[in-house]
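Welcome! Let us take a walk through this structure together, one region at a time.

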Amino acid sequence: MTAGAPPTIPPRVPVLRPKLPERAALAPYLDRIDSARWYSNRGPLMIEAEARLAAHFGLDPAHIVLVTSGTMGLTVALSALGARPGGACLMPSWTFAGSPAAAATAGLVPHFWDVDPALWALTPDIAAEAMATLAEPPAAVMPVAPFGAPLDRAAWDAFTARTGTPVVIDAAAAFDATTEVDGFRPGPTPQVISLHATKAFGIGEGGLVLSTDTELMDRVRQAANFGFQDKPEAEIMGWNAKLSEYACAVLLAMLDQWPERRTAWARRTDWYIDALAPIDGVTLAPGYGDGWISSYCCVRVDDAPALARRLADQGIETRPWWRQGCHRQPAYAAQPRGPLPNTEALAATTLGLPFSIDLGPETVGQVAAAVARALDETRLR
């Protein structure tokens, strides 16, 4: 390679390559399914999975409900909380489309509000300010843990106690922060985690509802099973959100591998932190790598679309994970919203870099070098 020439970039560096447990790891669990001939409806693998997850989070199994997706977890949690049908669900526009989709499915009206610019998240203070502008109190509030970062769960507990407004936390990518960060460990306010393949702890499709409120979780479990309780008769509004035994087989295999997988994610997080630190004009997501991991590496730069184009020219795939905010997406453009200056600013400046569990240190270095070159070229123009 000629001195001073840029390093060679692979033909394509994908932004994300999910990696779930392989067939051999699943085999013992699949054999159990074949033997039991029980495929859904709270089978033995699901009961074991909830028990093992309870031990992982330091909870009682009664405080965990597995569901078919994070979006459906939000839906059943809102229903179980008794959120008033037809009422507003106050939430950030700076989130994935699954958040408003869940509110709409639960019969609520998504009402978008802005986020704290330093935290990228809706806070209790911002929610209280928003409520003061509404004609009537919202039916619920849905803060979102941005890209797996922890929120102040106790502050949301206090918000509900003070206002009487139900809160459900969209913690889609925050499996690890919910485990590792003291202030975000499960409590009364329900937290909903996605187990989608793109998450650090992924099983393909699935979700997890957590709360230490046993009565609430009984209603969540009921809402996730057509509204059935002790007999096949719908006593409350419900959905079919039960996780199959096959999905639970993947989950159990993932739990077997999680210590090693978490170490691998943490190592790559550190590589990126070190590689990006010397580059002027790059800021990592709030608290990135501060005791928690996720499957994303999001950065802020002055012009994210321009950086994305320059990296694409070098075979490096990126993604604006939350696009321009939900309020810009056709399905939700007509929904009520407040002023969104911080959301607009984040949308224009945030970009997801390639990040996978088997990403090598050389590739991390190459991506960081490409980012630095692209930003230098922009400054020279």
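Two strands count as paired here if DSSP finds at least two bridges between them. Keep in mind as we go that the model is predicted.

With that definition in hand, let us begin with strand E1, residues 64-67. E1 and strand E7 (residues 207-210) pair in the antiparallel sense, and four bridges link them. Within this pair, Ile-64 has Leu-210 of E7 opposite it. In general, the side chains of a regular strand alternate between the two faces of the sheet. You can follow this in E1, where Ile-64 and Leu-66 point one way while Val-65 and Val-67 point the other way. Are these four side chains on E1 buried or exposed? All of them are buried.

Next comes an open sheet of three strands, in the order E3-E2-E4 and with parallel pairing. Strands E3 and E4 (140-141) stand at the edges with a single partner strand each, so one side of each has no neighbour in the sheet. Helix H5 packs on this sheet, where it touches E2, E3 and E4, and its direction makes about 135° with that of E2. Looking at one pairing more carefully, strand E2 (residues 88-92) joins E3 in the parallel sense over five bridges. Here Pro-92 stands opposite Trp-113 in E3.

If you carry on from strand E3 (109-113) towards helix H5 (124-131), you pass through a loop that holds Trp-120. Trp-120 counts as buried because its relative accessibility is 3%, and the cut-off for buried is under 20%. The backbone of Trp-120 deserves a look too, since phi is positive there, near 65°, in a residue other than glycine. Most residues other than glycine have a negative phi. Arg-42 is another case: its phi is positive at about 55°, although Arg-42 is not a glycine. Arg-42 sits in the loop between helix H1 (23-36) and helix H2 (44-57). With a relative accessibility of 31%, Arg-42 counts as partly exposed.

Another tryptophan to find is Trp-239, in the loop between helix H8 (214-223) and helix H9 (245-276). Why does Trp-239 count as buried? Its relative accessibility is 19%, and buried means under 20%. Which residues does Trp-239 touch, leaving aside those up to four places away in sequence? Among them are Met-72, Thr-75, Val-76 and Ser-79, together with Thr-105, Ala-106 and Phe-226. As for Pro-92, the residue we met in E2, its C-alpha atom is separated by 25 Å from that of Trp-239, and the two residues are 147 apart along the chain.

Finally, let us turn to the pockets. The largest pocket holds about 520 Å³ of space. It is lined by 29 residues, and those closest to its centre are Phe-96, Ala-172, Lys-199, Tyr-296 and Trp-322. Helix H3 (70-80), helix H4 (98-105) and strand E6 (191-194) are the elements that give two or more residues to this lining. By class, the lining of the largest pocket divides into 13 nonpolar, 11 polar and five charged residues.

The second largest pocket has about 210 Å³ of space. Its lining is made of 14 residues, with Leu-119, Ala-121, Pro-150, Leu-151 and Asp-152 the closest to the centre. This lining has 11 nonpolar, two polar and one charged residues.

How values were computed:
Residues numbered from 1 in each chain as written. Predicted model: local features only at pLDDT ≥ 70, side-chain atom pairs only at ≥ 80, totals over all residues. Heavy atoms only, no water. Buried < 20%, exposed > 50% of the residue type's maximum accessible area, 1.4 Å probe, protein only. Contact = heavy atoms within 4.5 Å. Axes fitted to C-alpha atoms, helices over the stretch in contact; angles between N-to-C directions. 1 Å grid on protein atoms, 1.4 Å probe; cavity = no way out; pocket = protein on both sides within 12 Å on 5 of 7 lines; lining within 4 Å. Points joined across faces, edges and corners; volume = space filled by probe spheres on them. Nonpolar A, V, L, I, M, F, W, Y, C, P; charged D, E, K, R; others polar.
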